[in-house]
Number of protein chains: 2
Amino acid sequence: MLKIHHLGHSQSERIVWLCEELGLSYDLQHHARDAVTRLSPPALKALHPLGAAPLIEDGELLLAESAAIVEYIIVKHGGGRLKLGPEHPDYAAFLYWFHFSNGNLLPAMGRLMMVSRAGLPADHPVLTAVQGRLDKVMALVEARLGEAPHLAGEEFTAADIMSVFSFTTMRLFQPMDLAPYPNIRAYLQRIGERPAYRRAMAKGDPDLVPMLK
Amino acid sequence: MLKIHHLGHSQSERIVWLCEELGLSYDLQHHARDAVTRLSPPALKALHPLGAAPLIEDGELLLAESAAIVEYIIVKHGGGRLKLGPEHPDYAAFLYWFHFSNGNLLPAMGRLMMVSRAGLPADHPVLTAVQGRLDKVMALVEARLGEAPHLAGEEFTAADIMSVFSFTTMRLFQPMDLAPYPNIRAYLQRIGERPAYRRAMAKGDPDLVPMLK
């Protein structure tokens, strides 16, 4: 059976959620963050050189990198569901938003998270540049969710599963006010009504109220 | 015909290189960086809200996000070449390294680039944390290229096309000493001997000697 190594309060929630959406059975291995550093615990670090979650085990295979895991599970165990293929009219939009999640959205938040910790004055040009980039990225998502109910278009897809973490749990590490983004907030409410999302969050992070507002 | 918007000295070199590897014809639209800010020029910013390259046009479609473009071109125009499918023994390795390029490698360099510009003392904990993360990521690539000639394994794939920019042209923006990484340096020498790579760099960035050392 597929084993998911899930680090509490981390992007590995994507994988738990994916498996719930696909109706797959899996063995959920919980790892708690170090109470002081908030980083991965030794048991998780021992599994892979980058020491981060998500990680899955599938027989002999140990696989890291959340986008790789999502694609692997969909193709190998999910019958290709939640991906759009080249014949679908929203194929290019699906590819764009799927890859946007790790190509632009999460890196923009990650840069701001690290730069914010440097203790720079609020008007420091590096801080304003990094914040400005994140504002642009968020404005693009807001516009998209004004024209379609999901990132790829009408259909809920793996592009949503890849992206939601950045708007929700990632805010534990890099706070972000969603007030300027009514379309994103409405989208998160819709996501929060999905039974698979509720099950995933309840199983993966029972101590956390999903940050959907 | 496929039109590629290429910003000089940028990750859009990936797309020019991909098309050369696939033997596709394309219309190459050059954009030069602003001489002072080193950012995208107005003509490129006008095309897409994020104002960055690469961008492609394919008939009515305008598509950004380099991983999305790579996948789109391979599937729609390249007959699926340079991707490994689920039946291939290196399928999971291909997925890992393809997604690693934008999921870990480039974000680690991007964080260091921004934090470095903040003017922190060399022993500032944010700087050492970000540098430490990049060191781990580089060590992982170095180890991989000690066990296989290409990132996915024996075969040259799109995982290489996605990753090489971080070791080469990205160093214009975030210098990195490759001396500690003999396997990566040998790999870059092999890449530099590929006729398609040479053609792509000559067409895309004729003013730049490919940074393969």
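**A cis proline, a four-stranded sheet and a shared cavity**

Pro54(A) sits in the loop that runs between α2 (42-45) and β3 of chain A. The model is a predicted one, and in it the peptide bond between Ala53(A) and Pro54(A) is cis, with omega at about 0°. Chain B has a cis bond as well, this one joining Ala53(B) to Pro54(B), again with omega at about 0°. Pro54(B) is placed in the loop between α2 (42-45) and β3 (55-58) of chain B. These bonds are worth a remark because most peptide bonds are trans.

Another backbone detail turns up in chain B. His9(B) is not a glycine, yet its phi is positive, at about 55°. As for where it lies, His9(B) belongs to the loop between β1 (3-7) and α1 (13-22) of chain B. Most residues other than glycine have a negative phi.

Back in chain A, the strand that follows the loop of Pro54(A) takes us to the sheet. Four strands make up this open sheet, with mixed pairing and the order β2-β1-β3-β4 (chain A). Its edges are β2 (27-31) and β4 (61-64) of chain A; each has a single partner strand, so one side of each goes without a neighbour in the sheet. Going from one strand to the next, the twist averages 20°.

Some of the pairings can be followed residue by residue. β1 (residues 3-7) and β3 (residues 55-58) of chain A run antiparallel to each other, paired over three bridges. Here, His5(A) has Leu55(A) of β3(A) opposite it. Helix α1 (residues 13-22) of chain A packs on the sheet and touches β1, β2 and β3 of chain A, with its direction at about 140° to that of β1(A).

On to the other pairing of β3(A): this strand and β4(A) are also antiparallel, and four bridges join them. Within this pair, Glu57(A) faces Leu62(A) of β4(A). The two strands, β3(A) and β4(A), form a hairpin with two residues between them, and Gly59(A) in the turn has a positive phi of about 60°.

How do these pieces fit the recorded domains? UniProt, in an unreviewed entry, lists "domain: GST N-terminal" for residues 1-81 of chain A. That span is 31% helix and 22% strand, and its end C-alpha atoms are 19 Å apart. The unreviewed entry in UniProt also places "domain: GST C-terminal" at residues 87-210 of chain A. Residues 87-210 of chain A come out as 65% helix and 0% strand, with 35 Å between the end C-alpha atoms.

Finally, there is some enclosed space to look at. Three cavities of 30 Å³ or more are found in the structure, and the largest cavity holds about 90 Å³ of space. Its lining is made of 14 residues, and those nearest the centre are Ala67(A), His99(A), Asn102(A), His99(B) and Asn102(B). The elements giving two or more residues to this lining are α4 (91-116) of chain A and α4 (91-116) of chain B. Sorted by class, the lining of the largest cavity contains six nonpolar and eight polar residues, and no charged ones.

Conventions
Residues are numbered from 1 along each chain as its sequence is written. Chains are lettered from A and ligands numbered from 1 in the order in which they are written. This is a predicted model: local features need pLDDT of at least 70, side-chain atom pairs count only at pLDDT 80 or more; totals for chains, interfaces and linings use all residues. Side-chain values use heavy atoms; hydrogens and water are left out. On a 1 Å grid over the protein atoms alone, a cavity is a set of points where a 1.4 Å probe fits but cannot get out, and a pocket is an open set with protein on both sides within 12 Å along at least five of seven lines; lining residues have an atom within 4 Å of a point. Grid points are joined across faces, edges and corners, and a volume is the space filled by probe spheres set on the points. Ala, Val, Leu, Ile, Met, Phe, Trp, Tyr, Cys and Pro count as nonpolar, Asp, Glu, Lys and Arg as charged, and the others, Gly among them, as polar. UniProt positions are given in the numbering used here, feature names are shortened, and annotations may be inferred rather than shown by experiment. Two strands pair if DSSP finds at least two bridges between them. Axes are lines fitted to C-alpha atoms, for helices over the stretch in contact, and angles run from 0 to 180 degrees between N-to-C directions. Contact means heavy atoms within 4.5 Å.
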